[in-house]
Amino acid sequence: MSLLLQYLASGIATGCTFALVATGFVAIYRVTRVVNFAQGAFAVVGGMSAFALLSHGLPHVLAEALAVLLAAVVGLLVGLGAIGRRGTPVLASLIITLGIGIGSYAVLILAFGDQPVSFDGVGGALAVAGVTMPRQFLLVAAVTAAAFAALALFFNRTYLGRALTACSSNPHAARLVGIDTTRMGLVSFALGGALGGLAGVLLTPLQPVAFNSDVGLAINGFAAAVFGGILRPGTALVGALVLGVAEALVAGYSRASFQSGVALVLMLALMVWQASRRPAIAEDAA
Amino acid sequence: MRRRLGIGLGVAIAIGTLLLPIALDDSQLTVYVFIGLATIVVAGLSLLMGYAGQVSLGQGAFYAIGAYTTALLAKLLGLPPPLALAAATAGTAAIAVVVGLPLLRLRGHYLAFATLAFQLIVLSVIGEARGLTGGDIGLPGVPTLSIGPVALEGQYRTFVFAYIVWALAALALLLNRNLVRSRPGRALRALATSEAGALAAGVSVGRLKLQVFALSAAYAGLAGGVYAFFLSYIAPGSFPVLLSIQFLIMATVGGLGSITGSLVGATVITLLVQVLTAVGTLPGMPLHAPAVFSYAVYGLVLVLILLLLPEGLVPAVQRRWRGA
């Protein structure tokens with residue numbers, strides 16, 4: 001029983017980081033209709049630069065905040081490449097983000113080396129109902145909850161957030177009322193970068209992150225985002241938690257190597273199920 | 001006049017391709033074989049991306065399936081190599097149909113992730129099925145290619161392989177050219193312009209996409225099979241996700257949907273990687289230099305081509321040639 005609770009706790013913690021990566025996908029896709037293949041790289045940038053800043057003697061919180069900021073800047077740069085040029089087809093944007101993701105490997109290896117890095121998060125463990133739980137789990141859950149609350153406020157209450165939502169529901173109408181959709185797209189890329197960076201910062205103490213950890217992170221994040229058709233952050237959160245817990249249970253009770261298979265198969269099944277409910281015609285680029 | 005010049009250029013390239021192996025040493029011939037194999041895969045992917053508008057990040061998976069099927073059929077069942085190759089090609093296409101039937105209902109970007117996931121699943125299945133595939137250690141001792149009683153062995157092995165691979169590549173390109181000009185080809189071109197338009201004109205879009213997907217998988221399976229015969233040793237590590245991305249870069253650089261573009265893309269990228277590896281392994285270079293170089297160049301080439309020459313090298317040159 002306590003073993004089950006332990007798996008649940010660690011599943012929820014990793015699920016939270018998937019959720020942040022997934023929301024990054026959602027934030028960018030909603031506004032630009034671009035699926036950002038560099039989303040996993042944002043998390044890697046966040047995690048590895050937080051490690052570098054900490055090892056240079058910066059205090060916690062400040063180092064993590066700077067790392068998230070850096071990831072947001074990287075997100076903005078990826079956005080400039082992907083949608084900065086007017087009239088770039090969506091499929092081309094997708095391949096550009098893929099190219100930037102691969103290119104980021106070179107920069108990451110040069111900057112941080114090719115070995116996985118990890119740093120200590122919040123130390124210590126807490127005993128809850130007979131289960132010892134690292135405090136980092138609680139931190140991850142709390143920060144994720146706060147991030148989602150802030151996002152909900154941002155999208156619903158602020159001018160910028162509502163402009164982003166306007167772009168996602170109807171870009172033509174948004175342009176008619178004077179919203180610069182390209183600039184909003186860039187904002188969404190920066191937001192996606194920050195969310196990815198936050199995921200990386202929270203995840204690195206739990207499991208080491210290397211320059212090529214982005215594929216796994218992106219796959220899990222995308223699988224979670226697909227739950228909500230890559231459009232709804234809330235559904236993505238639910239998806240990410242389900243995914244995290246399912247993977248933890250499979251790794252715990254079966255074999256660790258089957259863990260990633262869960263995400264992949266679940267994602268494929270979901271995508272196919274969703275596709276079967278919608279006509280298969282792609283939207284011609286408007 | 002220009003048209004005649006173009007034909008002359010094509011003939012010159014064909015003759016050059018035929019004569020080149022004579023001048024190359026064994027390690028250069030190996031690169032030559034790899035360019036030919038990549039051309040076959042890219043010919044399929046270029047068709048899929050250029051006409052069906054679908055991005056596949058799983059061509060490496062079909063390459064792996066072709067390689068393992070060929071190797072297992074030839075090694076364990078003792079099937080004659082050409083038969084094993086044909087069976088693997090057909091088998092890969094069949095798997096593509098089964099996988100594509102649900103996946104092609106998805107839009108372009110979904111399929112990219114789905115095929116990426118498919119490749120990761122294929123790799124982990126190969127890694128787990130140790131009894132059959134040797135797991136992560138790999139499958140050694142694949143017999144060499146033989147046609148009837150004649151086995152490809154000895155001094156001229158690579159030389160003959162080069163001709164076989166390039167004959168297959170020429171066949172693939174020829175098939176593509178005829179396909180695009182045929183009746184299904186017209187439907188394909190309509191699909192490339194507007195999916196809704198093609199559907200309205202009576203093209204059965206879903207079926208056509210599935211056929212192109214299966215064809216592209218068959219090309220990849222064929223190339224993978226020859227690869228297994230050529231190296232006589234395969235392991236999951238030979239088919240990383242990066243391989244699929246490499247094929248995608250080749251297709252994009254050459255020009256999506258362009259027949260000669262597949263050839264040019266495969267050649268340019270393979271040679272570029274060779275040069276970079278040579279530079280990266282020079283004495284005094286850090287250990288991770290080759291990796292850094294290739295990642296940087298993959299990224300740069302892909303982004304620059306899409307931003308500056310979105311149609312790809314060959315179509316851009318052709319347009320300039322025609323003076324348009």
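Two residues are taken to be in contact if their C-beta atoms, placed from the backbone, lie within 7 Å. The structure is a predicted model, in which local features need pLDDT of at least 70 and side-chain atom pairs count only at pLDDT 80 or more, while totals for chains, interfaces and linings use all residues. Residues are numbered from 1 along each chain as its sequence is written, and chains are lettered from A and ligands numbered from 1 in the order in which they are written.

Confidence is a good place to begin. For the complex, the predictor gives an ipTM of 0.84 and a pTM of 0.89. The mean pLDDT (the predictor's confidence in each residue, from 0 to 100) is 85 for chain A, where 95% of the residues score at least 70. In residues 280-286 of chain A the pLDDT falls below 50, although this stretch has 15 contacts in the model beyond near neighbours in sequence. Where pLDDT is low, the predicted coordinates should not be read in detail. Chain B has a mean pLDDT of 86, with 98% of its residues at 70 or more. Among the elements of chain B, the highest mean pLDDT, 93, belongs to helix 3 (residues 59-75) and the lowest, 74, to strand 3 (residues 150-151).

Turning to the overall build, chain A contains eleven helices and two strands; here helices (H or I, at least four residues) and strands (E, at least two) are DSSP runs, numbered from the N terminus. Their order along the sequence of chain A is α-α-α-α-β-β-α-α-α-α-α-α-α. The radius of gyration of chain A, taken over C-alpha atoms, is 19 Å, close to the 19 Å that the globule rule (2.2 Å times the number of residues to the power 0.38) gives for 286 residues, so chain A is as compact as a globular protein of that length. Chain B has 14 helices and four strands. With a radius of gyration of 20 Å, close to the 20 Å from the globule rule for 324 residues, chain B is therefore as compact as a globular protein of its length.

Within chain B, helix 3 and helix 10 (residues 205-231) make a contact that rewards a closer look. Their axes come within 6 Å and cross at roughly 50°; axes are lines fitted to C-alpha atoms, for helices over the stretch in contact, and angles run from 0 to 180 degrees between N-to-C directions. These two helices of chain B are therefore oblique to each other, given that angles under 35 degrees count as roughly parallel, over 145 as roughly antiparallel, 65 to 115 as roughly perpendicular and the rest as oblique. The residues that helix 3 of chain B brings to this contact include Phe62(B), Ile65(B) and Gly66(B), and those from helix 10 of chain B include Ala220(B), Gly224(B) and Tyr227(B). By class, the contact has 13 nonpolar, seven polar and no charged residues, where Ala, Val, Leu, Ile, Met, Phe, Trp, Tyr, Cys and Pro count as nonpolar, Asp, Glu, Lys and Arg as charged, and the others, Gly among them, as polar.

In chain A, helix 1 (residues 2-32) packs with helix 8 (residues 181-203) at an angle of about 175°, the axes being 8 Å apart. Helix 1 of chain A is therefore roughly antiparallel to helix 8 of chain A.

Between the chains, 35 residues of chain A are in contact with 39 residues of chain B. Helix 4 of chain A supplies the largest share of the chain A side, 14 residues.
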